[in-house]
Amino acid sequence: APQQVLSVHGLPQGSLGRYAQVLQEKGPPLTLEAAQSRWRSGAFTAGSSAVFNTGIGARPLWVRLALRNPGDAAVPLRLAAGATWLDQLDIYLVQDGKPVAAWPAGDERSEAHPPNPAIGYTIDLSIPPGDVELYLRADSTDPLVLPVELLTPQQAMAQERRNHYWYGFLYGVMLALAAFNLTLFADLRQRSYLYYSLYLLCLVVGNIAYTGHGYAWLWPNAPHFQRYVILGMMGLLSAVGLLFACSFLSVADHAPRLLRAVRWYIGAGLLLLASLIAFDEHLATAQSAFVYMTTFAVIMVALGTLGVVRWRAPAARHFVVAAWCGMLGASLTVLAVWGFLPYTTLSYHGLEAGVLLEAVLLARAVAYRMRVQQDATLLAERLAGTDPLTSLPNRRAFIERSAVILKLADRKQRAASVIMLDLDHFKRINDELGHDAGDRVLVAASALLQQMCRASDILARWGGEEFIILMPDTTASQAGVFAERLRVAIQEASAAWRPDGQPVTASFGIAERREGMPFNALVKAADVQLYAAKQGGRNRVCFQTRAA
Ligand SMILES: Nc1nc2c(ncn2[C@@H]2O[C@H](COP(=O)(O)OP(=O)(O)OP(=O)(O)O)[C@@H](O)[C@H]2O)c(=O)[nH]1
């Protein structure tokens, strides 16, 4: 391969794959010396992409980079190479054909050089004057991804600072959302909040493992754990994500058989991954985890789409948009790491940006769904207090509302009266004109009453063809005047209510509240007066004044 010598002053930005020469091992592992002699014999080829990315279970890769320091003082540079999950990464600095330094690294070597989270393995080099070579050998069952960057100390510092800010922000948002949803679950006891916060926690732990934060800081002495933690979290994340989707979209109500299928898929996938991990089948675990996570993303979007199109589940639209963001971001990263897309800064962080957006949008979806459910509850409560035929408050609602007014009247020593009215000979209307005609009369009478009552009065259907009105700040004689107006109005308007044009009349009984009088007693007193009105010949108003 034609060698390209890079000057340490003015190095190109980004990964230097295109300036390097590469060799994929065929037989047994090569030593540095053997690799050098392969280079001399022309076995290396020119790098064809910025980042070498040969997929899961690929053969070990050698990379050679030629550097020149034209000055006469050593130049400090930071080498950032590989991804934090690489099993083994050996880095050699060679001058005049002799190794001057070597760094063994990789997540399967606990004693080796630790990774720099989200950057890879970083080594601070001092490039002596003259020509030097860098040799790197990467070996990994996990996806073999090998970016090689050289940075000045200033660039290295800026890169680290950017990372600290970004991950502080990312994990801060995700953990806050997870904690918030956990408290929602504690209070509201709805599973979807629990699944959602677990999903967020899996995302955080998975990302901590993927970027190498975990291996660098949390479990540096557990290479076996590190070997499987990313793959295991990919499985858990997919499982919890699907549980969340099913619960959020109420798949149990809409498609119970689909729910069973999804649960089978979740269980079988987790079981497969767990057994592969138990038998230490690294390659098969890696392949299964990548397939599982890809299908997971597809199923998420499919469920969301069904939710919108078929089930019209509340907030399904929000869910679908969120799931798409997560899926696009995750696919970008998964496919890049897997070796199907170019591995770039964008594709490395795609997962993070996608899930961040997804998390925020899902939080909105969860809030929206809560509102939809609240509205439904309010509606149910209102309907429970409403008479379905006339849409007036029913007896239950009347008792509830009048209690407040009567308490107030008691405290402020104010008057309050109840009018009880009953349509006369209503049974005949039903018998002669049919039940439907009777219903229409009831609806028309309700509308008239509603129209004539004040907003502060409480009007309700007490039962059958009986209505009740509670009038605050009203004495019995004032209520009597109003009842009389109602009586006349009903008689006049009602000819239009019946197909035979006959008027409908009503009888009225009125009682005024006395101090400390219980609600039942007040209603009873009005009922006694109503009975008197019926006895007295109907179509009249009867009341008892306070003095009487
Ligand atoms: N169409 C209809 N009829 C109802 C409804 N609720 C009760 N009724 C009828 O209303 C009638 C009430 O009859 P009664 O209690 O004998 O009283 P009435 O015929 O109005 O006679 P008085 O009250 O003595 O003037 C019954 O036949 C009930 O079936 C309803 O929602 N719709």
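Biologist: Hi! Which residues do ring pairs link into a cluster?

Modeller: Hello! In this predicted model, the cluster is made of W39, F44, W62, Y92 and Y135, joined by ring pairs.

Biologist: And how many aromatic pairs does a search of the whole structure find?

Modeller: The search turns up 17 aromatic pairs.

Biologist: Back to W39 for a second. What sits over the ring of W39?

Modeller: That would be R64: its charged end is 3.7 Å from the centre of the W39 ring. So W39 has a place in the cluster of ring pairs and also carries the charged end of R64 over its ring.

Biologist: Nice. What about F248, which residue lies over its face?

Modeller: R369 does, at 5.0 Å from the ring centre of F248.

Biologist: Let's switch to the ligand. How many residues surround the ligand, and which are the closest?

Modeller: The ligand has 17 residues around it. F426, K427, N430, D439 and R461 are the closest.

Biologist: How do the residues of that shell divide into nonpolar, polar and charged?

Modeller: Eight are charged, five are polar and four are nonpolar.

Biologist: I'd like some distances. How far does a backbone N or O atom of F426 lie from an oxygen atom of the ligand?

Modeller: For F426 the distance is 2.7 Å. K427 also brings a backbone N or O atom to 2.7 Å from a ligand oxygen.

Biologist: And R538, where does a polar side-chain atom of that residue lie?

Modeller: It lies 2.8 Å from an oxygen atom of the ligand. So R538 uses its side chain here, whereas F426 approaches with a backbone atom.

Biologist: How much of the ligand's accessible area does the protein cover?

Modeller: On its own the ligand has 650 Å² of accessible area, and the protein covers 67% of that.

Biologist: Which elements give two or more residues to the shell around the ligand?

Modeller: Those are strand β13 (416–423) and the helices α12 (426–433) and α13 (435–452).

Biologist: Which one gives the most?

Modeller: α13, with four residues in the shell.

Biologist: New topic: N69. Where is its place, and is N69 buried or exposed?

Modeller: N69 is in strand β5, which spans residues 61–69. N69 counts as buried because its relative accessibility is 1%, and the cut-off for buried is under 20%.

Biologist: What does the side chain of N69 reach?

Modeller: The backbone oxygen of P128, at 3.5 Å.

Biologist: And A102, what strand is that in?

Modeller: A102 belongs to strand β8 (residues 98–105). With a relative accessible area of 47%, A102 is partly exposed. Its C-alpha atom is 7.3 Å from that of D90, and the two residues are twelve apart along the chain.

Biologist: I'm also curious about backbone angles. What phi does S250 have?

Modeller: S250 has a positive phi, about 50°, although it is not a glycine. S250 is in the loop between α5 (223–248) and α6 (251–254), and at 23% relative accessibility it counts as partly exposed.

Biologist: Then S391: where does it lie, and what is its phi?

Modeller: S391 lies in the loop between α10 (345–384) and α11 (395–412). Its phi is positive too, about 65°, and S391 is not a glycine either.

Biologist: Why does S391 count as exposed?

Modeller: Because its relative accessibility is 53%, and exposed means over 50%.

Methods
Residues are numbered from 1 along each chain as its sequence is written. This is a predicted model: local features need pLDDT of at least 70, side-chain atom pairs count only at pLDDT 80 or more; totals for chains, interfaces and linings use all residues. Side-chain values use heavy atoms; hydrogens and water are left out. A residue is near a molecule or strand if one of its heavy atoms lies within 4 Å of it. A polar contact is a pair of N or O atoms within 3.5 Å; within protein, one must be able to donate a hydrogen and the other to accept it, and residues adjacent in sequence count only if both atoms are side-chain atoms. Accessible areas come from the Shrake-Rupley method with a 1.4 Å probe; for residues, only the protein chains shown count as cover. Ala, Val, Leu, Ile, Met, Phe, Trp, Tyr, Cys and Pro count as nonpolar, Asp, Glu, Lys and Arg as charged, and the others, Gly among them, as polar. Rings of Phe, Tyr and Trp (its six-membered ring) pair if their centres lie within 6.5 Å; planes under 30 degrees apart count as stacked, over 60 as edge-to-face and the rest as tilted. A charge sits over a ring if NZ of Lys or CZ of Arg is within 6 Å of the ring centre and within 35 degrees of the ring normal. Buried means under 20% relative accessible area, exposed over 50%, partly exposed in between (1.4 Å probe, protein chains only).
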